[in-house]
Structure formats: C-alpha cells, structure tokens
Amino acid sequence: MGITLYTAPNCIRCKIVKSFLAERGQPYDIVDFKGDAETFNTFYRTNRKAIYRNPEGVEFPLFHDGKVIKQGSGEVIAYLLSGHLLEACVTRSDMLHGKIAGLYPSQCPDGQEENFMNLVEHLAVGGLQVWLQTDGRKPELLEHLLRIRDVHVICNVIGGPEVTAKIFGGVASKEELAKTIELVCGTADGIVRFLVIPLPDGDGWAWPKREDAVEAAKMVAMACDQPTLPYGITPITREMAWDMHGLDPLPEQNLLLYRSAARQYLFKADIAK
C-alpha cells in the first residue's frame, strides 16, 4: 500500500506536507475530508484511537502508509525523514492558527540533528511560526535553529536535576543551560519558565511541591547569574499536549506558592497570563 494523505481545504499544514512529498518525488493519494467525506469517515471510524482532536476538531493532515498513522505536519515530516527516530523530540502541537509546537531540540537523538533542522526549516518556510521547547541541552543545535526565519523558543525547567532526568531523560550542564538562556533571551519573545507538570510521586503522580519550584529557580539563577531574569510560571492544561496523568487541574493557590518559592532566586518570577 502507498501513502494516503487525508487533508482539509485551505490547510497550510497540508500544503507543507504536500510540498515536502513533491520535493522527494514521492507519489501519494489524497482524500479531502469534505470532498470525499465517506472515505474519510470510514478511515476515521476504523482508526479513531490513533487520531486525536484538538479544541477545534481533527488536526490535518493525516498520513497513512498502510502500517503507520501520523498526524500533523511536524509528525508526518519527521516520520518521512527518519522513520521512528525523531518520535522522542517531535510530538503533536498544542498551538493552532499559524503556529506549531511539539518540537524539542534538547531531546533530538544524536545523529538526527540535520533531519531535525530540515524539519524545522520546512515548517517555517512553509509559513508556520515555529515554537521550539528546550530543557537546556544541545544549545549548539538550538543556535542553528534560531537562524531560521520565524523560529521562536521556550526554555522549560520543571524541578531539580533528579526529577529533570526522570522526565526529560537527561539534565543540561550549568554551561549548557547558561548558553541556552543566553540564546533564549537574545530573541524578541523567548521565554524561560517553570513548567508545572505532574511529577513522579511514589507509585503515582502529583503536582510539583514547593521544593521543586525552588530547585528549578535555583538551577536557572546559578546558570545565568541574573536574579532579575524574566521568569514565568506556567501550568499545563488539558488542552496541552502534556500528559495530565489523571490529575485534576492545578489549584490556583499552588501557583502562588510556586511564585513565592521561585522569587528566592529570581525576583521577577511571576505567573504567566
């Protein structure tokens, strides 16, 4: 079976994938979900568990090669470039309306940096505003990516080194984090933030403790030596791509707790609006 691309009318993400396939001379069939609703609905019903819906509905394009279903321009192109090798650093986007996220250069496997750059360039040149998320590792790759037009960056910290290693699979050195923060602050709208996500807690998951917020801010402050660095506190929500692990939404008082904890080291820490 060849490639089938399920698309929507006037979909910029679909156009980017079509252009990528054309550059490679790769043949494919197209099913427009409005023009051929019966075929699309049959595919959707059969593969419902493999297809996600964002707050505005199904994200297009959907890619099927007879074995694998991929969704969204980032994941589709990543798969076409390197099979499953980029899955750890390219996930679904939680940004809409001309923006795309779900791209994590720090988690790019060694040897896949060129494919990752190729992916980001295709997304940006195709007309999307690309938002990268870094944990501080691989600042050299980030530096190259930020030279691409309309590429933006968020630096996430989630706690101290131990919890960071558990969640991200590694921890940036002080030098790597310092270089990353320098790069982020060198962009017009770069963000350094405490990303509030569920953390391992015994046999389950829980929202971060005050100590996690302290350790995160301390790690940033020690790396950049800038106590007045702008620093946000951002909780994940059910609409975002991060796993809530079955937890209820974060209580608002927790954010105030994290803010006061972070201000021990970063005086401008504040809750993101």
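**Close-up 1. Helix α9 against β10, β13 and β14 in the predicted model.**
Helix α9 covers residues 252-262. In this predicted model, α9 lies across three strands: β10, β13 (231-235) and β14. Its direction makes an angle of about 170 degrees with β14.

**Close-up 2. The open sheet of six strands.**
The strand order is β7-β8-β9-β10-β13-β14. Pairing in this sheet is parallel. The edges are β7 (99-103) and β14 (269-271). Each edge strand has a single partner, so one side of β7 and one side of β14 lack a neighbour in the sheet. From one strand to the next, the twist averages 30 degrees.

**Close-up 3. The pairing of β9 with β10.**
Strand β9 spans residues 151-157, and strand β10 spans residues 191-196. The two strands run in the parallel sense and share four bridges. Where does N156 find its bridge partner in β10? The partner is R193.

**Close-up 4. Helix α4 across β7, β8 and β9.**
Strand β8 (129-134) is one of the three strands that α4 lies across. The others are β7 and β9. Helix α4 runs at about 145 degrees to β8. Helix α4 itself is formed by residues 113-125.

**Close-up 5. The contact between α3 and α4.**
The axes of α3 and α4 come within 10 Å. They cross at roughly 140 degrees. Angles over 145 degrees would count as roughly antiparallel, so α3 is oblique to α4. The crossing is right-handed. On the α3 side, the contact is made by S73, G74, I77, A78, L81 and S82. On the α4 side stand N115, N118, L119, H122 and L123. Sorted by class, this contact holds five nonpolar and six polar residues, with no charged ones.

**Close-up 6. The contact between α1 and α3.**
Helices α1 and α3 pack with their axes 9 Å apart. The angle between them is about 15 degrees. They are therefore roughly parallel to each other. Their crossing is right-handed. Helix α1 contributes R13, I16, V17, F20 and L21. Helix α3 answers with S73, V76, I77, L80 and L81. By class, the contact of α1 with α3 comprises eight nonpolar residues, one polar and one charged. S73, I77 and L81 of α3 appear in this contact, and S73, I77 and L81 also meet α4.

**Close-up 7. Helix α3 over β1, β5 and β6.**
Helix α3 is built from residues 73-82. It lies across β1, β5 (62-64) and β6. Relative to β6, α3 runs at about 135 degrees.

**Close-up 8. The open sheet of four strands.**
Here the order is β2-β1-β5-β6, and the pairing is mixed. Strands β2 (28-32) and β6 (69-71) form the edges. Each has a single partner strand, so one side of each is without a neighbour in the sheet. The twist averages 20 degrees from one strand to the next.

**Close-up 9. Strands β1 and β2 and the crossover that joins them.**
Strand β1 holds residues 3-7. It pairs with β2 in the parallel sense over five bridges. T7 faces D32 of β2. I3 stands opposite Y28, also in β2. Between β1 and β2 the chain passes through helix α1 (residues 12-23). Which hand does this β-α-β crossover have? It is right-handed.

Notes: Residues are numbered from 1 along each chain as its sequence is written. This is a predicted model: local features need pLDDT of at least 70, side-chain atom pairs count only at pLDDT 80 or more; totals for chains, interfaces and linings use all residues. Side-chain values use heavy atoms; hydrogens and water are left out. Two strands pair if DSSP finds at least two bridges between them. Axes are lines fitted to C-alpha atoms, for helices over the stretch in contact, and angles run from 0 to 180 degrees between N-to-C directions. Contact means heavy atoms within 4.5 Å. A crossover is right-handed if, with the strands pointing away from the viewer, the path from the first strand over the helix to the second runs clockwise. Angles under 35 degrees count as roughly parallel, over 145 as roughly antiparallel, 65 to 115 as roughly perpendicular and the rest as oblique. A crossing is left-handed if the near helix is turned anticlockwise from the far one by less than a right angle, and right-handed if clockwise. Ala, Val, Leu, Ile, Met, Phe, Trp, Tyr, Cys and Pro count as nonpolar, Asp, Glu, Lys and Arg as charged, and the others, Gly among them, as polar.
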